[in-house]
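Biologist: I've got a model open and I'd like to go through the words people use for it. Can you show it to me, and I'll ask how each word is earned?

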Amino acid sequence: MTPPSDRPAPCSGERIRAGRAALLGRRELRGRLLTRALADQMDGCFHRLGAALDSGWALAATGGYGRGHLYPGSDVDVVLVHPRSVATERAADVARDIWYPLWDGGLKLSPAVHHERSLLQLGGGDLITATALLDIRHLAGDRAVTRQLADAARRQWAKRPWRWLAELRQANADRWSQTGDVSARLEPNLKDGRGGLRDVDALRWALAMERDDIAAALDLPFDDLVLGAATLVDARTELHRLTGRAGNVLLLQDQDAVAEACDLGDADELMRSISAAARQIEWATERFWAEIDGHLGHGGRRHPPIHGADVRVRDGELELTPTAPLDDPSLALRVAALAAHGGTRLARSALLQLAGGAPPEDGAVWSEPTRRAFLSLLGCGPALIEAVDTLEFHGLFSRYLPEWRAVFSRPQRNAFHLYTVDRHLLQTVVEASRLVRTVSRPDLLLTAALLHDIGKGRAEDHTELGVRLTRRIAARIGFPDADVDVLVTLVRCHLVLAETATRRDLDDPRTAEFLAEQVGSLETLRLLHALTEADSRATGPTSWTAWKERLVDQLVERTAATFRGERPAPERAPLAAFVEDLARQATETGELHLHAQPGADGVGVVAVASTDRAGLFASIAAAFAISGVDVLSADVWTTPDGLAVDQFQVLDADQVNWTRVEQLLRRAVAGEVDLHQRIAQRLAAPRLRRRPDAAAAPVTEIEIRNDASSTSTVVDVRSPDADAVLYRLARVLRDHDLDIHAAKVATLGHEVVDVFYVRHHGGQLGSTAHAGLRQELAAALR
């Protein structure tokens with residue numbers, strides 16, 4: 001037995017660490033049970049550490065810890081309150097005796113030392129301190145001090161309700177602008193996102209005003225809201241425990257493990273449950289703060305008056321009149337469109353009435369009023385998202401589109417997307433509404449935007465299923481057969497334009513001919529152009545770059561020329577203005593020369609001129625990989641006198657030391673450095689890389705075709721992102737005596753897409769050699 005003199009003190013760092021480790025290791029303690037157990041453990045420590053405090057001194061918990069919950073990675077918020085007569089130095093000495101064992105235990109302590117008056121003064125002007133004091137809870141010392149401080153803090157809070165509510169409202173808006181909606185994000189911020197745990201706290205603090213007019217603004221019992229938030233508490237707790245960090249963003253790579261820890265079937269089930277809980281919080285939060293805005297005079301911008309025989313506006317909400325025809329199947333869509341265009345929210349009473357009204361008949365073609373109301377709703381711009389979410393909160397939108405249920409709150413196992421499937425579709429419609437003046441049929445554009453990913457969420461290819469669903473839905477809406485065919489084409493081709501523009505040689509006439517064959521008409525091409533931009537912008541901030549936009553625009557114009565019977569002049573990536581001088585230097589000196597020109601949009605042009613030699617492209621790719629250059633596309637020219645000019649579009653050209661890259665290439669060409677060995681060493685070295693989500697990890701696909709170009713063989717490679725992929729592929733092509741005529745390179749999340757246009761002795765590679773080349777390319781990537 002350990003001698004008494006050697007035993008750890010009751011609250012030593014060693015005991016604290018051991019106690020926390022024991023709690024974190026108990027798998028039966030999940031979510032709220034674990035946060036309560038961790039808080040109880042800390043309570044015991046503080047009770048013992050503060051046992052000797054004199055009268056007038058108190059130790060109290062604040063913030064989340066004050067509410068009796070402590071997440072595994074969260075700070076421990078605690079305040080030592082001392083008499084005003086005590087000197088600052090004396091208070092600091094007492095505090096250190098309490099804090100040091102906790103710091104020694106590795107705890108993230110957020111301590112404060114105050115006398116009551118200084119703490120209240122701070123809380124009188126600072127929102128964070130004021131709200132922290134609303135949750136103050138006694139731990140040790142003079143209980144009367146804590147009770148008096150808590151009462152004074154609540155009185156001070158309630159004394160200036162509208163000032164604090166305005167600050168809370170602004171704090172909410174600031175958080176939401178940074179984090180987005182918990183219900184719609186694929187990687188949600190469980191604490192600070194809209195519909196997250198901080199929104200529940202904000203409502204709790206508002207209700208602490210204890211005013212009837214404020215309490216009446218909440219649309220459902222607060223206890224029900226807390227119960228619904230339990231899903232978010234559980235997920236955040238397990239995220240902290242599993243990662244060992246205090247993060248609040250539930251990343252794709254952590255979702256399977258958190259789902260298992262929460263005893264849920266898989267990550268999709270976890271994310272759907274989080275989305276459902278967040279939607280309830282969003283609903284209550286939105287309704288509450290809209291009511292408060294009326295008191296604060298923040299009614300927002302003026303909207304046109306709403307005119308409708310079946311509705312009326314009262315207290316800022318759209319209600320149904322007593323004579324509204326609840327048996328009219330178009331009513332819900334008509335009312336939602338009126339509210340969205342008028343900038344008014346639907347009253348809860350109206351939504352309950354509509355939910356009890358007549359649904360459209362299953363499979364029946366919609367009436368003309370229903371179709372018009374549907375298209376009007378789609379055209380309301382950013383207000384569409386809240387309008388559809390409000391309808392579907394009461395199960396109304398999916399009455400018209402039962403197919404919506406399969407994509408509602410459906411996560412996407414794709415790191416390139418920001419949103420769930422339903423939010424992405426709605427966001428695409430919003431983006432498309434900004435482009436309606438660029439097309440002749442806005443109704444088809446908006447409908448295609450809503451339906452382009454309607455086939456997601458099933459095992460079948462989402463485009464193939466989406467085509468079948470779109471044909472059925474479009475006919476049910478009441479579109480004529482010719483319009484149904486256009487909508488089906490748009491859904492079938494919604495990825496084709498962007499993929500072709502970024503993965504094919506636009507100088508090859510076969511590229512524009514292929515797209516023309518796919519879309520069928522110039523009008524459909526224009527619609528697809530707008531849909532592609534809207535879809536890309538709705539995917540995420542990196543999905544519609546200036547580089548991608550230029551390629552798409554160029555392909556659309558070349559395809560339009562094809563429809564007009566014109567044969568446009570080659571527009572292969574033109575040589576940059578500086579390349580002529582670069583080529584002259586290379587010719588005169590006989591040396592390799594490189595020049596880089598950064599672009600205003602982040603995409604720069606880099607050209608290399610050198611005497612042509614076998615494997616030059618592979619050497620350049622190796623030097624770029626070693627130097628961290630992110631290549632977007634490449635074009636290769638060889639002059640009749642044997643000068644090779646390789647021109648690249650690269651990201652962040654201004655961040656690269658191009659002089660060093662040029663020197664490295666010159667040494668490689670001179671045989672002074674073995675780039676292949678350098679790359680091999682680089683690949684052999686252990687690296688810290690973010691692990692892609694297992695469900696979303698791409699597999700290697702290699703396609704070799706002679707029908708995609710009239711002059712070259714097209715080698716199309718999709719593979720997981722890795723070091724020096726471009727170099728590894730280029731080396732294999734060199735070993736097969738293939739000249740790279742052009743290349744398109746892109747990194748999409750954890751996937752790279754590299755497309756090469758190659759020629760074998762000036763022509764296409766024979767089809768009998770395709771299988772062997774494919775095997776060696778796959779081996780190089782392994």
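Biologist: Okay, helices α14 and α18: at roughly what angle do their axes cross?

Modeller: Keep in mind that this is a predicted model. In it, the axes of α14 (residues 267-296) and α18 (residues 383-393) cross at roughly 115° and come within 11 Å.

Biologist: Why is α14 called roughly perpendicular to α18?

Modeller: The crossing is roughly 115°, and 65 to 115 counts as roughly perpendicular. So α14 is roughly perpendicular to α18. The crossing is also left-handed.

Biologist: How do you know that α14 and α18 meet, and which residues do it?

Modeller: Contact means heavy atoms within 4.5 Å. On the α14 side, R279, Q280, W283, E286 and R287 meet E386, D389, T390 and F393 of α18. By class, that contact has five charged, two polar and two nonpolar residues.

Biologist: On to the sheet. What makes β3 and β4 edge strands?

Modeller: The sheet is open, with four strands in the order β3-β2-β1-β4 and mixed pairing. β3 (109-115) and β4 (137-141) each have a single partner strand, so one side of each is left without a neighbour in the sheet. From one strand to the next, the twist averages 25°.

Biologist: How do you know that β1 and β4 pair?

Modeller: Pairing takes at least two bridges, and β1 (residues 58-61) and β4 have four, in the antiparallel sense. A60, for example, has H138 in β4 as its bridge partner.

Biologist: And which helix packs on the sheet touching β1, β2 and β4?

Modeller: That's α7 (residues 143-159), whose direction makes about 155° with that of β4. Over 145 counts as roughly antiparallel, so that label fits α7 and β4.

Notes
Residues are numbered from 1 along each chain as its sequence is written. This is a predicted model: local features need pLDDT of at least 70, side-chain atom pairs count only at pLDDT 80 or more; totals for chains, interfaces and linings use all residues. Side-chain values use heavy atoms; hydrogens and water are left out. Helices (H or I, at least four residues) and strands (E, at least two) are DSSP runs, numbered from the N terminus. Axes are lines fitted to C-alpha atoms, for helices over the stretch in contact, and angles run from 0 to 180 degrees between N-to-C directions. Angles under 35 degrees count as roughly parallel, over 145 as roughly antiparallel, 65 to 115 as roughly perpendicular and the rest as oblique. A crossing is left-handed if the near helix is turned anticlockwise from the far one by less than a right angle, and right-handed if clockwise. Ala, Val, Leu, Ile, Met, Phe, Trp, Tyr, Cys and Pro count as nonpolar, Asp, Glu, Lys and Arg as charged, and the others, Gly among them, as polar.
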